[in-house]
Amino acid sequence: MSDEIGASHGTSVTLRRVPRFTATGALVEVREGCDKSLATCASRFGNAANFRGEPFLPGIDLLTRYPGA
């Protein structure tokens with residue numbers, strides 16, 4: 001099961017909807033997401049040196065254009 005965090009401030013988080021678990025003392029795992037962009041890798045994680053993507057290649061739309069279109 002997974003849910004998204006609606007907002008965060010310091011050490012507290014607000015979920016987008018009510019949790020699906022009701023047990024007292026239930027444990028949850030919180031992971032910081034990644035959109036696999038160079039900007040996110042550099043700013044959020046401070047790890048641009050190890051980014052293994054190709055951020056400066058043209059998009060697939062450039063390859064599908066026809067001459068004269």
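The exercises below, each with a worked solution, deal with a predicted model of a protein chain.

In this model, local features need pLDDT of at least 70 and side-chain atom pairs count only at pLDDT 80 or more, while totals for chains, interfaces and linings use all residues. Residues are numbered from 1 along each chain as its sequence is written, and side-chain values use heavy atoms, with hydrogens and water left out.

**Exercise 1.** Work out which pattern of helices and strands the chain follows along the sequence, and describe how strand 1 and strand 2 pair.

*Solution.* Begin with the definition: helices (H or I, at least four residues) and strands (E, at least two) are DSSP runs, numbered from the N terminus. The chain has two helices and two strands, and the order along the sequence is β-β-α-α. Next, recall that two strands pair if DSSP finds at least two bridges between them. Strand 1, residues 5-9, and strand 2, residues 12-15, are joined by four bridges in the antiparallel sense. Finally, look at the end of strand 1, where His9 lies opposite Ser12 of strand 2; the two strands make a hairpin with two residues between them, and Gly10 in that turn has a positive phi of about 65°.

**Exercise 2.** Find how many disulfides the structure contains, and explain why Cys34 is not bonded to Cys41.

*Solution.* A disulfide is a pair of cysteine sulfur atoms within 2.5 Å, and a search of the whole structure finds zero of them. For Cys34, the closest cysteine sulfur belongs to Cys41 and is 6.4 Å away, so the two are too far apart for a bond. The surroundings can be compared using relative accessible area, where buried means under 20%, exposed over 50% and partly exposed in between (1.4 Å probe, protein chains only). Cys34 is partly exposed because its relative accessibility is 45%, whereas Cys41, at 12%, is buried. Of the 69 residues of the chain, 3% count as buried.

**Exercise 3.** Describe the lining of the largest pocket, stating which residues lie nearest its centre.

*Solution.* The lining of the largest pocket consists of 17 residues, and Asp3, Ile5, Leu15, Glu29 and Val30 are those nearest the centre. A pocket is an open set of points on a 1 Å grid over the protein atoms alone, where a 1.4 Å probe fits, with protein on both sides within 12 Å along at least five of seven lines, and lining residues have an atom within 4 Å of a point. Strand 1 and strand 2 each contribute at least two residues to this lining.
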